[in-house]
Structure formats: C-alpha cells, structure tokens
Amino acid sequence: MARTRPGRVGILTGGGDCPGLNAVIRAATRTAFNMGWEVYGIEDGFDGLLTRNVRRLSRRDVRGILQLGGTILGTTNRRNPFVYPVSRKGAIVETDRSAEVVRNFRALGLHALIAIGGDGTLGIAERLFRKGIPIVGVPKTIDNDIPATLITFGFDTAVSTATDALDRLHTTAEAHKRVMVVEVMGRYTGWIALHCGVAGGADVILLPEIPFDVDKVCDTIRARERVGREFSIVVVAEGAVPVHGRMMTQGPKEAGREVRLGGIAEWLAAEIASGCGGKETRSLVLGHLQRGGPPTSFDRLLGTRFGSAAMRMVGEKKFGAMVALDPPRVLAVPLRVAVGKGKLKRVPLGSDVIRSARDMGIGFGD
Ligand code: F6P
C-alpha cells in the first residue's frame, strides 16, 4: 500500500499504567522519525486533548526509556470524555465532552492519533474514530483480557512479579505451616492468577471463570496435609466469585470509571481458617506491585513491535484498527472486534494451561 505523509501524529496512553508503555512510545516515535514525521505526546490520556496539554517529542524525550515502567506521558483511568465527570451544583454529572476532543485534535493540526490503552481506552478510541479522528489503537493491560490479540504487553511482567512473590511466600508458608492466600489483579478474567499460579507452584488457583466452593478449597488443603504438606498457597484473582456469592468490590462506583475490585483474599482466608478446623491462614494483596517496575524482555520486545507496527499502520492509513499479536505476525484488526460490551477475552476452560494445572493436582475450587 502506498505510504502517505501524515505529518503530525499524536500519541497518548490511557487507563491504568502498565510495564512496556514507554517501550511502545519509544518505538512509535523512532519509527515516525525514520519516516520523517513529527510526534506529539498528549499528556494524561484523552484529558490532554481537552486541555491541549500536548508537547512535541524529540529523540531526547524517548532516549533511555525502554526499560522504564510507568509512562512518560502520564495517564488516567478516571475520565472518559464520553461520560466525563463534571461538577455541577455540588453534584458530579457525567457529561459528553467528545466533541471538544475532536475539535482540539483538529485545532492542534494533528493528522492521526495513536491511543495506547486497555478496553476502556480502546473503546473510547473506537467511538472517536467514528466521530472522525483517524486513530490506531495499541492494546495494553496487565489483565490480558483484550480479544483478537494473543497477549497484551504488561501481562508478562505482572505474571513475573506475582510468580516471584509466590516463590517468596512458599518459604514462609512452609516454615509456619500456614495457608497463604494471595490476591492478584486481572479484573474480570483470571489470566494473571492462572499463569502465576502455575508458574509459582500454587496449590489452589481461583479464577472469575470458575466459581469456587470454599469446601472444595479446604478439601485440597486437607488432602495436602494428609501427605505431609502442611502448608498451602492459594492464588485468588480479584474478580473470583464463590458459587453462592458475588464479586467483591471496594466502595461505590465513581462517575466515569470502572468499579474497583478487591477484598476476596481477606474474606477467603477467614473462610479457610474456619472451614479447615482453625488452620493458621494469612492473606495478602499484591495490588499495584504488579503494575510497577521495569518491563520484562518479553514486554519490551512486544511493546517495541506494537509501537513500530502502529506507526506503520498510520502510514498505511489503517485507521479504526488496533495492532494485535497473532504469532508470528503483528496484524491490524478493527477496533470494533476487540472492544465493546461482553467482548472480554476470558480464560478458556478447556485450555491446555488449565488441563496441565489439573494434572499437577492444582485445585480450582470446583
Ligand atoms: O486493568 C488493570 C488493573 O490493574 C486491574 O487489574 C485492576 O483491577 C485495576 O486496574 C486497578 O485500578 P486502579 O489503578 O484504579 O486501582
């Protein structure tokens, strides 16, 4: 396809941060420079297009950032321009400010936009594309829950961090003959829990995709005790749900953002203690540790491939699409197939990873 010169390309990061964002920014920017284009960094996600907080990126700006966590552009998961929280007469009202985003995009003289983010950001990108912004998406999230791409960058780093935590918990759990219940992120999917649980030798893994029964969890723990293994490691995804219970959330949903999940580990530790005859049990929440720190080499490579491919897509005018990993290729897929209600990529129950985990004797509480 013939390449055109779009001139000025904007780039932003939206939603929760995740390791590898800077690798994408660096790759996209350097690819643009190779093509003779200018890149404008938009600060704090789509907010930067409401406030026109935009700066031209130089080679110096993207130097030495490949291995850095976070994002040099800043981000937010609080303000969706289509349901922007605006304070009116003391109340917070969700207001559609998307027309301002489109206006400012044009006023800044931008020709294309690269939006790096998870389902929320890519959903906004898809709607802005329909409003006329030539946009390319890059799927990001530690949760790995975006369809059409085998993996999102950030996931591998989160799994590595969580696996490292499980290694450390093993020694203290064994020394004290305790059950350790570890809550990991992942929102409504169990990718992080499953992968770190298997890689970190967990005894029980609880996923949103498989409602669990506390009695079954206790059965696994007691079965281990009968063979002399008096400690157990339970990995629970923040979105895991007991068979007769509900997903645990933190506080009410705030305007313009997703409800916060959390609290299942503490609750489950108490249930295990009483269900397993007073077994000493401790819980911990890994939380944002999973999002921090340097990306793994896998995420640096994937971020670089995604950033570079996204800028090539701008050159080829493949707008309204996102980059996706379909090994061995990185492809362009329409944003509409990847985002929208009910479009989460869940852990397939018949997956080889689940089967292998069951073969290892890992319990899923079912
Ligand atoms: O989507 C990434 C993620 O880290 C989820 O795993 C988690 O539920 C959520 O973001 C936490 O969001 P916040 O940073 O707003 O607490």
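Q: What surrounds the ligand in this predicted model?
A: The residues around the ligand are N77, I142, D143, M185, G186, R187, E238, R257, H288 and R291. Each of them counts as near because one of its heavy atoms lies within 4 Å of the ligand.

Q: What makes the approach of D143 to the ligand a polar contact?
A: An N or O atom in the side chain of D143 is 2.7 Å from an oxygen atom of the ligand. A polar contact is a pair of N or O atoms within 3.5 Å, so this pair qualifies.

Q: Which distances apply to the side chains of E238 and R291?
A: For E238, the distance from a side-chain N or O atom to an oxygen atom of the ligand is 2.6 Å. For R291, the corresponding value is 2.7 Å. Both pairs are polar contacts because the cut-off is 3.5 Å.

Q: Why are helices α5 and α6 called oblique to each other?
A: The axes of α5 (residues 155-176) and α6 (residues 191-199) cross at roughly 45° and come within 8 Å. Angles under 35 degrees count as roughly parallel, and those from 65 to 115 as roughly perpendicular. The value of roughly 45° belongs to neither class, and therefore the two helices are oblique. The crossing of α5 past α6 is right-handed.

Q: Which residues of α5 and α6 meet, and how do they divide by class?
A: On the α5 side they are F155, A158, V159, A162, T163 and L166, and on the α6 side W191, I192, H195, C196, G197 and A199. This contact comprises nine nonpolar residues, three polar ones and no charged ones.

Q: What makes α6 oblique to α11?
A: The axes of α6 and α11 (residues 352-359) cross at roughly 40° and come within 11 Å. Because an angle must be under 35 degrees to count as roughly parallel, and 65 to 115 to count as roughly perpendicular, α6 is oblique to α11. The crossing of α6 past α11 is left-handed. L194, H195 and V198 of α6 make the contact with V353, I354 and A357 of α11. Five of these residues are nonpolar, one is polar and none is charged.

Q: How do you know that α1 and α9 are oblique?
A: The axes of α1 (residues 21-35) and α9 (residues 297-315) come within 7 Å and cross at roughly 40°. The limit for roughly parallel is under 35 degrees, and roughly perpendicular begins at 65, so this pair is oblique. The crossing of α1 past α9 is right-handed. From α1, the contact involves A23, V24, A27, A28, T31, A32 and M35, and from α9, R300, G303, T304, G307, S308, M311 and R312. By class, seven residues are nonpolar, five polar and two charged.

Q: What kind of peptide bond joins P327 and P328, and what is its omega?
A: The bond between P327 and P328 is cis, with omega about 5°. P328 has its place in the loop between β14 (321-326) and β15 (329-334). Most peptide bonds are trans.

Q: What is notable about phi of K89?
A: Phi of K89 is near 50°, a positive value in a residue other than glycine. Most residues other than glycine have a negative phi. K89 is placed in the loop between β4 (84-88) and β5 (91-95).

Q: Where is L150 found, and which residues does L150 touch?
A: L150 is in the loop between β7 (135-139) and α5. Leaving aside residues up to four places away in sequence, L150 touches N144, L325, P327 and K345.

Q: How far is L150 from I65 in sequence and in space?
A: The two are 85 residues apart in sequence, and their C-alpha atoms are 25 Å apart in space.

Key. Residues are numbered from 1 along each chain as its sequence is written. This is a predicted model: local features need pLDDT of at least 70, side-chain atom pairs count only at pLDDT 80 or more; totals for chains, interfaces and linings use all residues. Side-chain values use heavy atoms; hydrogens and water are left out. Axes are lines fitted to C-alpha atoms, for helices over the stretch in contact, and angles run from 0 to 180 degrees between N-to-C directions. Helices (H or I, at least four residues) and strands (E, at least two) are DSSP runs, numbered from the N terminus. Angles under 35 degrees count as roughly parallel, over 145 as roughly antiparallel, 65 to 115 as roughly perpendicular and the rest as oblique. A crossing is left-handed if the near helix is turned anticlockwise from the far one by less than a right angle, and right-handed if clockwise. Contact means heavy atoms within 4.5 Å. Ala, Val, Leu, Ile, Met, Phe, Trp, Tyr, Cys and Pro count as nonpolar, Asp, Glu, Lys and Arg as charged, and the others, Gly among them, as polar. A polar contact is a pair of N or O atoms within 3.5 Å; within protein, one must be able to donate a hydrogen and the other to accept it, and residues adjacent in sequence count only if both atoms are side-chain atoms.
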